[in-house]
Amino acid sequence: MDFVKVEREGSVATLTIDRQDKLNAISPQVVEELGQSLLELESQPPTAIVVTGAGEKAFVAGADIAEMSQMSAVEAKRFAEIGHAAMALLDRSPVPTIAAVNGFALGGGCEIALACDMRIAADNAMFGFPEVGLGILPGMGGTQRLPRLIGSGLASELLFSARRIEAAEAKEMGLVNRVVAQGEALNAAQQLATEISKNGPLAVRYAKAAANKALDVDLVSGLEYEADQFALLFSTEDAAEGMGAFSEKRKPDFKGQ
Ligand code: CO8
């Protein structure tokens with residue numbers, strides 16, 4: 001891999017997009033590597049995944065405009081398809097995903113952050129969808145995930161105006177969970193990942209699947225799904241361990257079984 005680095009610390013994996021001379025802009029190769037890295041993580045899943053950009057200036061400054069400007073419609077469709085496939089691996093990853101947004105998160109960069117379950121921003125982070133100013137539109141899920149996350153009115157404002165917003169405004173809109181000091185986003189995201197990892201891994205996975213379901217189906221179907229997942233956990237050793245540990249006034253030792 002030239003542009004994507006995967007590191008594991010304990011059971012948490014951190015995936016870094018590293019193309020600093022272009023502010024981590026994503027070319028088709030970077031998107032392919034992102035997808036490939038996420039696929040490889042599935043063979044030995046971590047308990048949580050943190051996604052970030054290298055350096056302190058940018059998370060990802062969007063798709064590589066120089067490369068995009070040379071694409072035919074067919075190539076652009078292919079680019080969008082590999083982008084969607086990579087984002088689906090993030091979105092549908094069985095384990096929680098956290099974007100540590102350490103600077104510019106524009107266009108495709110914002111879309112990567114949106115495909116994660118949670119977003120922690122440094123106070124120098126900048127968000128925005130510059131695409132319409134380039135005569136194109138967000139092609140990696142932004143038009144679909146942004147309204148789902150922050151509602152149609154605010155999403156429309158960001159998508160149609162191409163206005164850039166700072167971390168504080170992104171927090172106010174509900175685009176990010178939390179804002180931390182510059183240089184601290186990765187640390188904060190890894191800490192959150194570690195906190196999540198102390199819980200029953202199967203319980204966290206099933207909770208994520210149920211929460212994702214809420215965005216896809218009607219309430220009655222979602223509640224049925226929740227009840228099934230709830231019941232299923234009672235067949236696991238983790239549930240016996242977790243509830244047993246509470247009764248015995250000790251910390252649980254989850255095995256993910
Ligand atoms: N593409 C290519 N190169 C970029 C990009 C980019 N998105 N962003 C920055 N760079 C390059 C610059 O060209 C420059 O390279 P060089 O030194 O060789 O000239 C280097 O990175 C440093 O950038 P700047 O000198 O511009 O740094 P500044 O601090 O002056 O400005 C900005 C930083 C404001 C972030 C500025 O670089 C900028 O506006 N970048 C473009 C942001 C943008 O419009 N992004 C959206 C692109 S469209 C998109 O993301 C569509 C997603 C669809 C995906 C579909 C399928 C996967």
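This is a tour of a predicted model, in the order in which its parts can be selected in a viewer.

**Stop 1: the four-stranded sheet**

Select strands β4, β6, β8 and β9. They form an open sheet, in the order β4-β6-β8-β9, and the pairing is mixed. Look next at the two ends of that order. β4 (58-60) and β9 (165-166) are the edge strands, and each has a single partner, so one side of each has no neighbour in the sheet.

Now keep β6 and β8 on screen. β6 covers residues 104-106 and β8 covers residues 126-128; the two run parallel and are joined by three bridges. To see how the strands line up, select L106, which stands opposite G128 in β8.

**Stop 2: strand β7 and its partners**

Select residues 118-122, which make up strand β7. Is this strand enclosed or open? Five of its five residues are buried, so β7 is largely enclosed by the rest of the structure. In a regular strand, side chains alternate between the two faces of the sheet. Colour the two sides of β7 separately: M118, I120 and A122 lie on one side, R119 and A121 on the other, and all of them are buried.

Add strand β5, residues 97-101, which runs parallel to β7 and is joined to it by four bridges. One position to mark is V101, with A121 of β7 opposite. Then add strand β10, residues 178-180, which also pairs with β7 in the parallel sense, over three bridges. Here I120 has R178 of β10 as its bridge partner.

**Stop 3: T97, in β5**

Stay on strand β5 and select T97. Its relative accessible area is 0%, so T97 counts as buried. Show what surrounds this residue: beyond its neighbours within four places in sequence, T97 is in contact with I49, L90, A115, C116, D117, M118 and K208. Two of these, D117 and K208, return at a later stop.

**Stop 4: the nonpolar cores**

In soluble globular proteins, nonpolar side chains tend to be buried together. The largest such core in this model has 47 residues. To find its best-connected members, select I26, F59, V101, I112, F127, L146 and L175, which have the most contacts inside it. Helix α3 (residues 73-91) gives this core its largest share, six residues.

Centre the view on V101. Apart from neighbours within four places in sequence, V101 touches F59, A113, I120, A121, A122, A125, F127 and A185. A second core, separate from this one, has 16 residues, among them V12, V50, I98 and M118.

**Stop 5: salt bridges**

Side chains of opposite charge can pair when their charged atoms come close. The whole structure holds eleven salt bridges, and three of them are visited here in turn.

Select R19 and D64, whose side chains meet with an N to O distance of 2.8 Å. R19 is in the loop between β2 (12-17) and α1 (28-43), and D64 is in the loop between β4 and α2 (65-68), so the pair ties together parts 45 residues apart in sequence. Both R19 and D64 are buried.

Move to R145 and D91, where the closest N and O atoms of the salt bridge are 3.0 Å apart. The pair links helix α5 (residues 142-150), which holds R145, to helix α3, which holds D91, across 54 residues. R145 is buried at 18% relative accessibility, and D91 is buried at 15%.

Next select K208 and D117, which form a salt bridge of 2.9 Å, N to O. K208 is in helix α9 (residues 201-214) and D117 is in the loop between α4 (108-115) and β7, 91 residues apart. Which of the two is buried, and which is partly exposed? K208 has 9% relative accessibility and so counts as buried; D117, at 27%, counts as partly exposed.

To finish this stop, select E157, R163 and E169, which are joined into one network by salt bridges that share partners.

**Stop 6: charges over rings**

Return to R19 and add F3. R19 lies over the face of F3, 5.6 Å from the ring centre. Then select K213 and Y225: the charged end of K213 sits over the ring of Y225, at 4.6 Å from its centre.

Methods:
Residues are numbered from 1 along each chain as its sequence is written. This is a predicted model: local features need pLDDT of at least 70, side-chain atom pairs count only at pLDDT 80 or more; totals for chains, interfaces and linings use all residues. Side-chain values use heavy atoms; hydrogens and water are left out. Two strands pair if DSSP finds at least two bridges between them. Buried means under 20% relative accessible area, exposed over 50%, partly exposed in between (1.4 Å probe, protein chains only). A nonpolar core is a set of buried Ala, Val, Leu, Ile, Met, Phe, Trp, Tyr and Cys residues joined through side-chain atoms within 4.5 Å. Contact means heavy atoms within 4.5 Å. A salt bridge is a side-chain nitrogen of Lys or Arg within 4 Å of a carboxyl oxygen of Asp or Glu. A charge sits over a ring if NZ of Lys or CZ of Arg is within 6 Å of the ring centre and within 35 degrees of the ring normal.
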